[in-house]
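This briefing is meant to be read beside the sequence and the three-dimensional structure. Please keep both in view while going through the points that follow.

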Amino acid sequence: MFILMGLPGIHEWQHWLSLPLALLYLLALGANILIMVTIQREPMLHEPMFHFLAVLAVVDIGLATTIMQTLAIFWFDAKAISLPECFAQIYAIHSFFCMESGIFLCMAVDRYIAICHPLQYPSIVTEAFVLKATGLMMLRNGLLTIPVPILAAQRNYCSRKEIDHCLCSNLGVVSLACDDITVNKFYQLMLAWILVGSDMVLVFSSYALILHSVLKLKSAEATSKALSTCSSHLILILFFYTGIIVLSVTHLAKKNIPLIPILLNVLHNVIPPALNPMVYALRMHDLRLGFQRLLALGEKVSK
């Protein structure tokens with residue numbers, strides 16, 4: 001068994017954080033389920049862009065659910081976690097993080113083709129394309145993150161059991177090992193650069209090409225429409241990758257300020273899943289109409 005100690009330095013009053021965390025989780029759960037149901041029930045939303053959004057909602061629910069262990073610590077003082085459960089949590093966190101990054105890449109490619117090659121868009125981005133891209137991302141991230149918990153399980157854990165964290169983070173767990181953990185750190189770094197790093201480069205390259213194409217448009221109305229189509233995606237992508245960069249930088253200063261990177265780690269698991277549906281609901285007109293029809297708001301909603 002490992003013992004998750006919670007947030008370092010504030011063990012006495014950390015339970016007060018359970019209320020905002022629980023509210024954020026409920027918001028993420030409810031809003032993403034609403035998006036999934038709306039897209040499934042509204043024929044006008046049966047387009048590739050919204051299919052990717054539905055997949056993102058599923059991934060967001062999975063990522064947000066990883067904080068249940070944190071709430072159990074805050075509410076019930078359930079600090080003990082078995083080794084298999086801990087390694088399964090390591091896999092789930094890494095897998096959902098990478099899948100979210102992969103879906104953002106799919107959405108960026110979708111917008112790139114729609115804006116830069118609009119005539120070829122219907123023939124390229126088909127239902128089969130969406131299924132293949134989603135399946136490829138899930139297969140890639142599901143397989144490449146398997147070695148993370150396997151390598152952690154192969155380490156020898158001696159007398160130390162206490163983890164200064166609310167979750168089973170890979171580096172937090174393997175730091176308790178008595179033997180060499182160089183291979184664990186190397187694979188963690190390689191995974192970050194190969195998966196998330198390459199996704200981030202490709203995503204921002206896609207939007208740079210989109211911006212270049214949009215600025216060449218002579219019509220101000222067409223430019224405004226193209227930019228508004230991508231703005232909601234770009235807001236969420238910037239927030240997601242900025243959070244990862246900030247988390248990585250603060251992790252380097254963990255010895256001096258151990259609370260900050262751990263708190264950011266927990267929040268980054270639940271804030272993007274709660275924020276994503278809100279941004280899409282505010283920025284996408286068709287999705288707002290779908291919400292109104294589903295929730296029966298107003299006497300008449302124009303098609």
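Where is the place of Asp77? In this predicted model, Asp77 sits in the loop between α3 (68–76) and β2 (80–81). The points below begin with that loop and go on to other salt bridges, an enclosed cavity, a surface patch and two pairs of residues compared along the chain and in space.

**The loop at Asp77**

- The backbone of Asp77 has a phi near 55°, which is a positive value in a residue other than glycine.
- The side chain of Asp77 also takes part in a salt bridge with that of Lys79, at 3.7 Å from N to O, and Lys79 is partly exposed, with a relative accessible area of 22%.

**Other salt bridges**

- The count of salt bridges comes to five, and among them is the pair made by the side chains of Arg293 and Glu42, which meet at 3.6 Å, N to O.
- This pair links distant parts of the chain, for Arg293 belongs to helix α12 (residues 285–295) and Glu42 to the loop between α1 and α2, with their positions 251 residues apart in the numbering.
- The two partners fall into separate classes of accessibility: Arg293, with a relative accessible area of 27%, is partly exposed, while Glu42 has 12% relative accessibility and counts as buried because this value is under 20%.
- Another salt bridge joins Asp110 to Arg111, with the closest N and O atoms 2.8 Å apart, and here both Asp110 and Arg111 are buried.

**The cavity**

- The count comes to one cavity of 30 Å³ or more, and the largest cavity holds about 30 Å³ of space.
- The elements that each give two or more residues to the lining of this largest cavity are α1 (18–41), α2 (48–65) and α11 (259–283), and α2 gives the most, with four residues.
- The lining of the largest cavity is made by Asn32, Ile35, Leu53, Leu56, Ala57, Asp60, Asn276, Pro277 and Tyr280.
- By character, the lining residues of the largest cavity divide into six nonpolar, two polar and one charged.
- Ile35, one of the lining residues, lies in helix α1 and is buried, since its relative accessible area of 2% is under the 20% limit.

**The surface patch**

- Leu139, Leu143, Ile146 and Ile150 together make a nonpolar surface patch of about 350 Å².
- Of these patch residues, Leu139 lies in helix α6, which covers residues 127–144.

**Separation along the chain and in space**

- Ile35 and Leu71 are 36 residues apart in sequence, and their C-alpha atoms are 25 Å apart in space.
- Ile163 and His117 are 46 residues apart along the chain, and a distance of 51 Å separates their C-alpha atoms.
- Ile163 is placed in strand β3 (residues 162–163), and with 2% relative accessibility Ile163 counts as buried, because the value is under 20%.

How values were computed: Residues numbered from 1 in each chain as written. Predicted model: local features only at pLDDT ≥ 70, side-chain atom pairs only at ≥ 80, totals over all residues. Heavy atoms only, no water. Patch = residues over 30% accessible without salt bridge, like charges linked within 9 Å, V, L, I, M, F, W, Y side chains within 5 Å. Areas by Shrake-Rupley, 256 points an atom, 1.4 Å probe, with all protein chains shown as cover. Salt bridge = Lys/Arg side-chain N within 4 Å of Asp/Glu carboxyl O. 1 Å grid on protein atoms, 1.4 Å probe; cavity = no way out; pocket = protein on both sides within 12 Å on 5 of 7 lines; lining within 4 Å. Points joined across faces, edges and corners; volume = space filled by probe spheres on them. Nonpolar A, V, L, I, M, F, W, Y, C, P; charged D, E, K, R; others polar. Buried < 20%, exposed > 50% of the residue type's maximum accessible area, 1.4 Å probe, protein only.
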